[in-house]
Amino acid sequence: MQSRSHNFKMSLPQFWRVALYFGLGLIVFELGLGLILPEGAFVRGLEEIETEIQQLDAPDIQIFGDSVAYGGIWEEIVAESLGDGRTVGNYSIPGICPLFARSLLEDQLAAEKKPEAIVVAFSLAKYSSPSTVNFLSRHATSGEMLNLLGHGVGQADVVRGHLGRLSYTLRYQAELRQAIVSADPSFFRSLWEEPKSISGRPNRFAKIDLIRERSERRFQFENLTKEQRLPFTPTESVQHSLWQFFQVATDAGVDLYLVAPPITGASAECWGPEGEERWLKFSEKAHRDFGIVLLGEGFTTYPDDHFRDPWHLSGIGAGRFSRELGDLLRKSD
Amino acid sequence: MLFNSLDYIAFFLVVLVAIRLSPGRHRVLSLLVASYVFYAAWDWRFLSLLVGGTLVDHLLVRLLLQRAEGKARRIFVVGSLVFNLGVLGVFKYLGFFVESFQSMLGIFGLGSTSLVPALVLPLGISFFTFQKIAYVVDVSRGRVEPAKSFLDFSLYVSFFPQLIAGPIEKPRDLMPQLRAPSKVTGDDCLVACRLLLWGFCKKVVVADNLGPKVDRIFAAENLDTGMVILGALGFAFQIYADFSGYTDIGRGSARLLGIRLQKNFDRPFLAANPQEFWRRWHISLSEWLRDYVYIPLGGSRGKFSRGNANVLTTMLLGGLWHGAAWHFVIWGGYHGLLIVGHRCYQRWTSTNGIPGRLFSTDVGRYLAVAAMFMFTLYGWLIFRVDSLTQLAAATKALFALDIEPGFLGSLSRMLPYILLMVLGDFFLSSTARPVVRLLHSRAWILAGAGLILFYIILFLGNFDGNSFIYFEF
C-alpha cells in the first residue's frame, strides 16, 4: 500500500496546453453560468430603488439599514406605535453596506426629499464585517470602486470586487454554497423574482410575513455566521463610512437615531458583555460627535423562535421589534 | 497571512515573478525578504525573535567550527540547545508549567494569583526551533556542510512555504536546494498545481466544513456514544485535511520555486500498526523525534525494556510538542503505549516462533488497518477534548453504548466530506494508476479534472478564513 511516484513526464509546453484548456474551460463555464443564471433580484433592482428614493415623498421617519431591518421593521407597526401621525418609511436595502449609505443619502437630499429623522438600523454583524466585497462585486462599476478607494475601501477589496464582477461563482459564492450544502433551492428561485420596489413593500409584508409560522429552530454556535463568531468590533472602514453618512445628515439638519437590531441568545453569548460594551462606546462616540440618540440600551436578545435564521427576524420577531422601536422613538422625543 | 486567503495568492504570485527575475545569488536574498515579509504579515514584532534566534545559532555554529573536536564543540551545541529550548519553553510552556504548579499548590490551599503574564505564542516557533536544532546538531556531527553565509542559514530557517507548520526539513535536504534550486519543469508545474488545488480543497471544503460540526459536538454538555464516535471521526478527518492541506499548499508553492519539500503524510489512516502510523502521519516530526531524541536516548539498542522506555519518553515529548496542555501529553503517552504494545506483540510472536501469518494476508491486513483506525480515533478524542474532565466523560459515554436517533442524520452530514477526502486520497495515489493514466492521456481531460476540483472548492468551500489547526503548535 505504499505510494509510488506516477512517472508521467510532462514538458513545459504540454503543461501550458493543459493550463490553456483549463483557462478556456473556466471562461466558458463562467460565461455559461452568467447566461443561464440572472443576477439577484436586489442587484437588478438597486438602480430602480435609488431612483425611487429620489422620487418618493420623504417620510417623517426613515429607517435605513440592511436585510435585517428590511425584513425586521414594519413601518405601519412603527407608525402605529408612535401614534402621533408621523409617517414612517423603511428604506433598508438587503446586502447594502455602510459605505454606500452616504451617496444614497446625498442623492436623496439633492432631490430635495429630506426626512425629519433617520433611524440607522444596520445588523450588528455589519459593523465588524461590512460585506464590502459583496457590495462592490454586485453593485459597483470599476470606476466607482476606484473612487471609493481610501474611503473605507482597501486595495484588496477593490481587487476582490473586480474578481467578483468577472466571475458569477465568486459573486454569489456564499449563496451558491448555502444552496448546495443545504440542498435548498430557494436561492435559485429568488434569482427569477421581480425586484421589489420600496413602495411595493408594505403590502408584501402585511400579506406574507405577518402569517409566517413560528420558527422551531434553535440557533447554536454552528448556525452562527463567521461575522457573528467574530468579537463585536466595528471596523475602521465602517466607522469611517458611517461618520461620513452622519456628517451629511447632520449638515442637512436631519435628526439621527441609532438602534441595534435584536440578536439570538447564541450571538449574545458569543459576543459577551465585552461586545456590548464596545457597542455602547461606539454609540457614545456617535452621540458626542453628531448628537445621535441611541434607542434602547445595549444588545436586545430575542428567543430563537423570533428568528427565521441566525440573524433575520421572523414575522413574530419583526412585529415585536417594530412595536418596541416605535415605543423607543416616542419616548426619546 | 493564511495560505487559504487571496492575500497569500497575490503575495505568492508577486514572489514567483520576483524570483524569476532575480539573477543568481539575489534569489536567496529575494526569497529571504519574501519569507520575512510573510512572517511579519502576522506580527512584525516577532520578526526580531526569528532573526535574532537565527543570528544566535549562526554565531554559535561559527564558534563551534573554529574549535577542534570534543568537549569544546559540545559546549556550543549545548549552548544552542539551551537557547532554543529556553526560548520555546518561555513562550510555549512557562505559563503551562507555572499554572500546573499553582494548581498543585491550590490543592493544599496555597497560591492563587497568576505568577506569569499570558504570552502570545509566536507563529511557527515549534517548527523553526526544531529546524535550527537539527542544523546545529548535524553540523557538529559533520552530517551536513555548514551554511556558506548568514543569508543561506536564515533562508533555511525561515523559508515561507514551510515556516509556520512544516514540514520540518532536514538541513541536508533543504539547504542545497535553496542554494541552487532546480529548473522548474512541466512536471513540476503539474505536480505543484495538483498539490495546490487538492490542498485548498482539503482545507476549505473538508476541514472547514467538518470543523463547525465537530465544534458543536464537543461544545455539548452531555455526550452519548454516537456523539463521541462522530466527534472523533469528524475530528480525525478534519485535522488530517487541515494539516495535510496546509502541507500540500506549502509543497506546491515550493515546487513552483524549484524546491522540493518532503512529503509529510502518506494516507495515515491506512496504517496497520502504531509504528506504521507514525511513518505515515506528520512524517517530518516523526523523523525529527527519531533522529534527535529517540536515537540519542539509545533507540532500540540494549535491553528491550530500555528501548520501550525510550519510545515512551520520545512520544511523551512529541505529545508535549503539540501544545502546552495535559491532554497532549496524554495523547503522546497513549501513542507511546500503543507502540510499546506492538513491540511486545512482535517480540512475543518472534520468540514463540509464531510467524504472524494472519496479518500478512490481505484480509489480515484489512483487519489490522481497521483495528489501528479505532485506536487512532480514540487518540484523536484525547487530542480534541477541551479538558481532562471531558475526556473522562467522553470515555465513559463511549462504553455506555447509548446512541441517540439523530446519529445517522449527523453522520450523513459529515460523510460527504469524509468520502471526498478518501476518494481524493485514492485518486492521487498509485493504487489508482489506471485513473491517473487516463487523466494524463489527453490535455483536456487533465484540464477538465482540474476544473472539477476548482469548482468543488468554489461551490463547497467555506471561505470564512479559518486558521490552520497546527498554527497553534
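How many helices and strands does chain A have? Chain A has 17 helices and 5 strands, where helices (H or I, at least four residues) and strands (E, at least two) are DSSP runs numbered from the N terminus. The model is a predicted one, in which local features need pLDDT of at least 70 and side-chain atom pairs count only at pLDDT 80 or more, while totals for chains, interfaces and linings use all residues. Residues are numbered from 1 along each chain as its sequence is written, and chains are lettered from A and ligands numbered from 1 in the order in which they are written.

Of the 333 residues in chain A, 38% are buried; a residue is buried if 20 or more other C-beta atoms, placed from the backbone, lie within 10 Å of its own, exposed if 12 or fewer, and partly exposed in between. Contacts (C-beta atoms, placed from the backbone, within 7 Å) often link distant parts of the sequence: among those between residues at least 6 apart, 84% join residues at least 24 apart.

Helix H15 of chain A, residues 236–251, makes a good place to look closely. Its 16 residues should span 22 Å at 1.5 Å a residue, and the end C-alpha atoms are indeed 22 Å apart; the expected span is 1.5 Å times one less than the number of residues. Val238(A), Ser241(A), Leu242(A), Phe245(A), Phe246(A) and Ala249(A) are the buried members of H15(A). Seen down the axis, the buried residues of H15(A) fall within an arc of 135 degrees, so they line one face of the helix; the arc is that of the directions from the helix axis to the C-beta atoms. The packing partners of these buried residues include helix H5 (98–110), strand S3 (117–121) and helix H16 (265–290) of chain A. On the other side of H15(A), Glu236(A) and Asp251(A) are exposed. After H15(A) comes Gly253(A), with a positive phi near 80 degrees.

Further along chain A, Glu324(A) belongs to helix H17 (residues 315–332). Glu324(A) is partly exposed, because 19 other C-beta atoms lie within 10 Å.

Turning to chain B, the axes of helix H8 (residues 186–219) and helix H16 (residues 407–427) come within 10 Å and cross at roughly 155 degrees. These axes are lines fitted to C-alpha atoms over the stretch in contact, with angles running from 0 to 180 degrees between N-to-C directions. H8(B) and H16(B) are therefore roughly antiparallel, a term for angles over 145 degrees. Residues meeting across this pair include Trp198(B) and Val205(B) in H8(B), and Tyr417(B) and Leu420(B) in H16(B).

Technical notes. Two residues are in contact if their C-beta atoms, placed from the backbone, lie within 7 Å. Angles under 35 degrees count as roughly parallel, over 145 as roughly antiparallel, 65 to 115 as roughly perpendicular and the rest as oblique.
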